[in-house]
Amino acid sequence: DLVASSLTINGSLDLSTYTLTGANTLMVTSGGTLLVGGTSNFPTGFTTATLNSSSTVNYYKAGDQTVSSKTYSNLTLSGSGVKTTTGVTVTGVLSLEGTATTTSTIVTNVASTTLQYKGTTAQNINNNLFSGNKSYNLTIDNSTGVNLNTDFALNNNLTVNSGKFLTIQPASSLSVGNAVSSPADGSGIIIKSSSTQANGSFIFP
């Protein structure tokens with residue numbers, strides 16, 4: 001176990017499964033990265049924990065983890081298992097990677113948050129996974145695909161990278177407020193139809 005009165009992370013600190021206890025200030029600076037590999041071992045005991053703009057915290061365990069209830073700039077949920085996200089807010093990039101899934105609604109900032117789907121198996125955007133079913137940007141970077149299973153709105157941009165795809169399922173819709181970037185052949189966005197319920201829909205400028 002590790003003990004520090006105060007700690008500033010300018011580069012990268014990998015806690016692995018160790019605990020870190022402090023008394024005063026914990027700061028992850030802009031560009032700094034804190035990696036958390038234990039079940040529930042975000043640093044504790046510090047009177048102030050500051051996660052500066054453009055800092056990153058990565059919960060990367062191959063298994064279930066509890067994500068500390070904080071406001072993050074950039075948050076990566078990777079590895080595998082269920083990441084419990086009660087009380088979590090993300091203002092920068094929320095990257096969902098590996099086969100990790102989440103529980104509880106994550107609060108997003110509709111003026112700044114980018115959702116990045118970068119999994120290694122098919123991923124889902126379900127109802128109430130994000131506050132108000134809204135975000136600022138959405139980036140699809142999963143070659144096995146991302147399924148949209150609810151009505152969702154983006155205040156800014158949708159980006160589907162080459163070789164990746166987003167499927168809008170029946171009775172689901174995606175509204176994009178600004179621009180769409182996807183493969184020119186149209187393979188990046190699939191809109192499903194149904195004979196028993198409303199077709200999927202895609203609304204963009």
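Here are four short exercises, with worked solutions, on a predicted model.

**Exercise 1. Work out what the chain is built from and whether its overall form is compact.**

Start with the secondary structure: the chain has zero helices and 28 strands. Next, take the radius of gyration, which is 18 Å, close to the 17 Å that the globule rule gives for 205 residues, so the chain is as compact as a globular protein of that length. Now look at the extents: along its principal axes, the C-alpha trace spans about 60 × 30 × 30 Å. Finally, check the contacts: among those with a separation of 6 or more, 24% come from residues 24 or more positions apart.

**Exercise 2. Describe the surface and the charges of the chain.**

First the burial: 44% of the 205 residues count as buried. Then the outside: the accessible surface is about 9,000 Å², and carbon and sulfur atoms hold 48% of that. Last, the charges: there are 7 positive and 7 negative ones, and their mean positions lie 3 Å apart.

**Exercise 3. Find the edge strands of the sheet that contains β12.**

Write down the strand order to begin with: β9-β12-β15, an open sheet of three strands with parallel pairing. Now count partners: β9 (65-66) and β15 (101-103) each have a single partner strand, so they stand at the edges and one side of each has no neighbour in the sheet. As a reminder, strands of a sheet pair through backbone hydrogen bonds, either parallel or antiparallel. Zoom in on one pair: β9 and β12 (residues 82-84) run parallel and are joined by two bridges. Within that pair, Thr66 sits opposite Thr84 of β12.

**Exercise 4. Decide whether Gly119 and Thr108 are buried or exposed, and list what they touch.**

Take Gly119 first. You'll find Gly119 in strand β17, which covers residues 114-119. Its relative accessible area is 10%; the cut-off for buried is under 20%, so Gly119 is buried. Leaving out residues up to four places away in sequence, Gly119 touches Leu96, Glu97, Gly98 and Asn142. You can also check a distance: Thr101 is 18 residues from Gly119 along the chain, and their C-alpha atoms are separated by 9.7 Å.

Now do Thr108 by the same route. Thr108 belongs to strand β16 (residues 107-108). With a relative accessible area of 9%, Thr108 is buried too. Again skipping residues up to four places away in sequence, the contacts of Thr108 are Val90, Thr113, Leu115, Phe130, Ser131, Lys134 and Ser135.

Note on methods. Residues numbered from 1 in each chain as written. Predicted model: local features only at pLDDT ≥ 70, side-chain atom pairs only at ≥ 80, totals over all residues. Heavy atoms only, no water. Helix = DSSP H or I, 4+ residues; strand = E, 2+ residues; numbered from the N terminus. Buried < 20%, exposed > 50% of the residue type's maximum accessible area, 1.4 Å probe, protein only. Contact = heavy atoms within 4.5 Å. Rg over C-alpha atoms; globule rule 2.2 N^0.38 Å. Areas by Shrake-Rupley, 256 points an atom, 1.4 Å probe, with all protein chains shown as cover. Lys, Arg positive; Asp, Glu negative; His and termini not counted. Charge placed at Lys NZ, Arg CZ, Asp CG, Glu CD. Pairing = 2+ DSSP bridges.
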